[in-house]
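Please open the model in your viewer and keep the selection tool at hand. The tour below goes from one selection to the next and says what is found at each stop.

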Amino acid sequence: MRKADPAAPDGGGKGFHPGSQAHFLYNLALKGALILAAPGWIPWMALSRKRRRNFPDRLGVHLGRIPPKGGKRRILIHAVSVGETLSAVPLVRMLRSLLPSVELFFSTVTLTGQEVAGRALAGQIEATLFFPFDFPGIAGKFLDRVGPDVVAILETEIWPNFLGECARRGIPVVILNGRISERSLRGYGRVKSLFGRVLSCVTAVAMQTEEDARRIISLGAPPEKVSVTGNMKFDVAPPPETDTPFLSWLRGEKDRGSSWFVAGSTHEGEEEAVLSAFGAARSVNRSVRLLLAPRHPERFDAVAELCGRRGWEVERKTKIAQDGEERSAPVVLLDTVGELLSAYAMADIAFVGGSIVPKGGHNILEPALFGVPIVAGTHMGNFREITEIFTRGEAVTLVRDAADLSRVLSQWAADRTPFLERGKRARRLLEGLRGATGENAALVARELSRREGGTS
């Protein structure tokens, strides 16, 4: 276990700071890339209402909505999107318990991340914010308005100007749950000199594995600042203990004999495979029904149309939640965000998407939390360590393609016993791997204490 350096952030010397050669060259390259790419990104943004929604916030136009800082200390937690946001939920809850008087702010980049954060962290944080574009003036204005005493960044989100502005203000920055994939290592390695200077602005780096730690040190992170605390995704938090009309409906359907095949976070090209596998399972056991949850909200309508073209009657979750009537459609479309974890709690078997198509996979720990048998494709690069652990423990079933998924679902529909055992093993494995969130929360609290001269 490597320990983080107790020193405060250093914006001088050979670091990345305003006035340095590295700072000048980075911003020159950034401006040049922005100008050259303008013919592409301006129409890309202008033609999408969704992309335009967070653009003013990321430019710093709406910073007036951030409450002025009073006498309380503030922590800013940044997670880029949905997956990182969900893994941050236990961290936020623990920080709220450890530091009840501290104001917590949470930033994301994507709209879906904002929606999930707003729902999952309601009552735990002061506000959700959009992270600023990485220009010195914008990043500096954002930091001055928020006024954080500590910044916690999840999963190695490196923004040079933002980190340089933090260093210039003496704001400690900690990277939590950090990971460096082989692809990222190659990319960062092309600008290793810049990357090492930027990392000098970071106070502490908590990586998921020893391999991740070796990689970030090879890119220039001071070894004394790097530690290995594990993966916070293992600390996936259960959904709030609140019932909803839809969950009550799902539970009622289970009580009436339905068996739910939940396909979560599916991507384009996977729904066809899921529907074929569902058809194969239903031909074996008519009690099987499908709860289909596409990853991206903008695809809800297209997926509903696909179900219809494939001959399946489909009901949308939003309609069921509105009228609460008893419905018997074989397919239910989860057309909301932030409720997949609760849906997994009702599953009899789960397929985790982004894994038959090469998208890197999604979090198999969410169904594992409830002891649900897990099926996933082999494209699980974003969750490599977790998948390897669960594969060795015979706690996940990996499939190569659509035909393989249909075969597995047919086997499950005919005999659930071996799958139930895998689900139990998954839950036991998960319970034995938890604890990273506690170490990371303690790291944030330590830096806040040092910022305040030793007071907690």
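**Starting at a buried ring**

Select F162 to begin: with a relative accessible area of 1%, F162 is buried. Bear in mind throughout that this is a predicted model.

Keep F162 on display and add F142, whose ring centre lies 6.4 Å from that of F162, with the two planes at 55 degrees, so this pair is tilted. The pair links distant parts of the chain, since F142 belongs to helix 6 and F162 to helix 7, 20 residues apart. F142 also counts as buried, at 2% relative accessibility.

**The rings around it**

The protein's aromatic pairs come to a count of 8. In one of them, F131 and F162, the ring centres are 4.6 Å apart and the planes stand at 55 degrees, so this pair is tilted. F131 is in the loop between strand 3 (127-130) and helix 6 (136-146), whereas F162 sits in helix 7 (residues 160-168), so the pair ties together parts that are 31 residues apart in sequence. At 1% relative accessibility, F131 counts as buried. Now add W159 to the selection, and you will have on screen the cluster that ring pairs make of F131, F142, W159 and F162.

**Two helices that pack together**

Show helix 6 and helix 7 next, and look at how they pack: their axes are 9 Å apart and meet at an angle of about 50 degrees, which makes helix 6 oblique to helix 7. The crossing of these two helices is right-handed. To see the residues that meet there, select P136, A139, G140, F142 and L143 on the helix 6 side, and N161, F162, E165 and C166 on the helix 7 side.

Stay with helix 7 for a moment: 8 of its 9 residues are buried, so helix 7 is largely enclosed by the rest of the structure. The buried ones, which you can colour as a group, are P160, N161, F162, L163, G164, E165, C166 and A167. Following helix 7 is G170, which has a positive phi, near 70 degrees.

**The loop before helix 7**

Which residue is found in the loop between strand 4 (150-154) and helix 7? Select E155, which is found in that loop and, at 9% relative accessibility, counts as buried. Leaving aside residues up to four places away in sequence, E155 touches E84, S87, L176, N177, G178, R179, Q208 and K233. Of these, L176 can be checked with a distance tool: E155 and L176 are 21 residues apart in sequence, and their C-alpha atoms are 6.1 Å apart in space.

**Charges over rings**

Two further stops concern arginine side chains and rings. Select R58 together with F133, and you will find R58 over the face of the F133 ring, at 4.3 Å from the ring centre. Then move to R422 and F419, where R422 lies over the face of F419 at 4.8 Å from the ring centre.

**The whole chain**

Finally, zoom out to the protein as a whole, which has 20 helices and 14 strands. Of its 456 residues, 55% count as buried. Among contacts between residues at least 6 apart in sequence, 69% join residues at least 24 apart.

Terms used:
Residues are numbered from 1 along each chain as its sequence is written. This is a predicted model: local features need pLDDT of at least 70, side-chain atom pairs count only at pLDDT 80 or more; totals for chains, interfaces and linings use all residues. Side-chain values use heavy atoms; hydrogens and water are left out. Rings of Phe, Tyr and Trp (its six-membered ring) pair if their centres lie within 6.5 Å; planes under 30 degrees apart count as stacked, over 60 as edge-to-face and the rest as tilted. Helices (H or I, at least four residues) and strands (E, at least two) are DSSP runs, numbered from the N terminus. Buried means under 20% relative accessible area, exposed over 50%, partly exposed in between (1.4 Å probe, protein chains only). A charge sits over a ring if NZ of Lys or CZ of Arg is within 6 Å of the ring centre and within 35 degrees of the ring normal. Axes are lines fitted to C-alpha atoms, for helices over the stretch in contact, and angles run from 0 to 180 degrees between N-to-C directions. Angles under 35 degrees count as roughly parallel, over 145 as roughly antiparallel, 65 to 115 as roughly perpendicular and the rest as oblique. A crossing is left-handed if the near helix is turned anticlockwise from the far one by less than a right angle, and right-handed if clockwise. Contact means heavy atoms within 4.5 Å.
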